[in-house]
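Hi,

Here is the structure I promised to send over. Have a look at it first, and then read on for what I found in it.

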Amino acid sequence: MTDRLSPRAREIAAAARALLEESGPAALTLRAVADRLGIKAPSLYKHFPDKEAVETELIVQALAEAGEAMEAAEAKDPGSLTALAEAYRAYALAHPHLYCLMTERPLPRASLPAGLEGRAAAPLMRVCGGDRDLARSFWAFAHGMVVLEIHGRFPADADLGAAWARGVGALRP
C-alpha cells in the first residue's frame with residue numbers, strides 16, 4: 001500500500017507509526033514526527049496536508065495488514081471462524097494503538113485506496129457465506145472483545161480464551 005507514497009512520505013508515515021505504537025495517540029503530533037526525523041514541521045506539509053492525512057495513511061496500513069492477517073488465517077484453515085478470530089485478536093493486541101486509531105472513530109472511506117476496505121473484510125465475508133449481518137455481528141463481537149481487552153476492562157481472573165471460544169461458537173455459521 002505504501003508504494004503510492006514518495007520515499008519521504010513513507011519515511012514520515014513510518015516515524016508517525018513508530019510514535020503512535022510506542023507512546024499512543026497523544027504522542028502523535030506533526031511536531032513530534034518532525035522532531036523524530038530531524039526536520040522542521042512545515043516540511044511535512046509537502047507530503048501530507050495535515051495530521052488527519054498522516055492518520056489516514058496509518059489506517060490504510062492497518063487495514064492492509066489486518067486484511068493480510070485474515071487472508072493468512074483463511075489460507076491456513078479455510079472456512080474457520082475460529083482462525084479468523086485468533087488472527088484478528090492477535091493483530092489488534094500486537095498493535096493496540098494502531099488498532100484503536102483504525103476502529104474508534106469514523107473510517108475515512110473517501111480517502112482509502114479503492115477496494116481496501118472490501119479486501120480487509122473479504123475473508124470474514126467468505127467464512128460467513130456472504131451473510132453481511134452475520135459478518136457484522138462477528139466483527140462487532142470481535143471488536144468489542146478486543147477493545148475491552150486493550151483497555152484493561154476485564155477482571156484479572158477473566159478467562160478470555162473461554163469467552164472468545166464461546167462467542168465464536170455462538171456466531172459460527
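Let me start with one residue on a helix: Glu52 sits in α3. With a relative accessible area of 57%, Glu52 counts as exposed. Its C-alpha is 14 Å from that of Arg31, and the two are 21 residues apart in sequence. Before I go further, keep in mind that this is a predicted model.

**The overall picture**

The protein has 8 helices and 0 strands, so the order of elements from the N terminus is simply α-α-α-α-α-α-α-α. The C-alpha trace spans about 55 × 40 × 25 Å along its principal axes. Of the 173 residues, 44% are buried. If you take the contacts between residues at least 6 apart in sequence, 68% of them join residues at least 24 apart.

**Helix α1 and what surrounds it**

I spent much of my time on α1, which covers residues 7-23. Its length works out: 17 residues at 1.5 Å a residue should span 24 Å, and the end C-alpha atoms are indeed 24 Å apart. Right after the helix comes Gly24, with a positive phi near 90 degrees.

Which residues of α1 are buried? They are Ala9, Ile12, Ala13, Ala15, Ala16, Arg17, Leu19 and Leu20. As a reminder, an α-helix has 3.6 residues a turn, so residues three or four places apart point the same way. In the list for α1 you can pick out Ala9, Ala13 and Ala16, and likewise Ile12, Ala16 and Leu20. The cover over the buried residues of α1 includes α2 (30-37), α3, α4 (81-94) and α5 (96-103).

**How α1 packs on α3**

Two packed helices are described by the angle between their axes and the distance between the axes. For α1 and α3 (residues 51-76), the axes come within 10 Å and cross at roughly 80 degrees. That falls in the 65 to 115 degree range, so α1 and α3 are roughly perpendicular to each other.

On the α1 side, the residues that meet α3 are Ala13, Ala16, Arg17 and Leu20. Their partners in α3 are Val54, Glu57, Leu58, Gln61 and Glu65. Sorted by class, this contact has 5 nonpolar, 1 polar and 3 charged residues. The α1 residues in this contact, Ala13, Ala16, Arg17 and Leu20, also appear among the buried residues of α1.

**Glu65, Arg17 and His95**

Glu65 is in α3 and is partly exposed, with a relative accessible area of 25%. Leaving out residues up to four places away in sequence, Glu65 touches Arg17, Tyr91 and Leu98. Asp157 is another matter: Glu65 and Asp157 are 92 residues apart in sequence, and their C-alpha atoms are 31 Å apart.

Arg17 turns up again with His95, which lies in the loop between α4 and α5. Is His95 buried or exposed? At 19% relative accessibility, His95 counts as buried, given that the cut-off is under 20%. Apart from neighbours within four places in sequence, His95 is in contact with Arg17 and Glu21. So Arg17 has contacts with both Glu65 and His95, by the 4.5 Å heavy-atom criterion.

**Helix α2 and the loop after it**

In α2 the buried residues are Leu30, Ala32, Val33, Ala34 and Leu37, and what covers them includes α1 and α3. Gly38, just after α2, takes a positive phi of about 70 degrees. A positive phi is also what Gly24 has after α1.

Lys40 is in the loop between α2 and α3. With a relative accessible area of 65%, Lys40 is exposed. From Lys40 to Leu30 it is 10 residues in sequence and 9.5 Å in space, C-alpha to C-alpha.

**Cysteines**

How many disulfides does a search of the whole structure find? It finds 0. Two cysteines are worth a glance all the same: Cys100 is buried at 12% relative accessibility, and Cys128 is buried with a relative accessible area of 5%.

If you open the model, I would begin with the crossing of α1 and α3 and then follow Arg17 across to Glu65 and His95.

Cheers

Notes:
Residues numbered from 1 in each chain as written. Predicted model: local features only at pLDDT ≥ 70, side-chain atom pairs only at ≥ 80, totals over all residues. Heavy atoms only, no water. Axes fitted to C-alpha atoms, helices over the stretch in contact; angles between N-to-C directions. Helix = DSSP H or I, 4+ residues; strand = E, 2+ residues; numbered from the N terminus. Parallel < 35°, antiparallel > 145°, perpendicular 65-115°, else oblique. Nonpolar A, V, L, I, M, F, W, Y, C, P; charged D, E, K, R; others polar. Expected span 1.5 Å × (residues − 1). Buried < 20%, exposed > 50% of the residue type's maximum accessible area, 1.4 Å probe, protein only. Disulfide = S-S within 2.5 Å.
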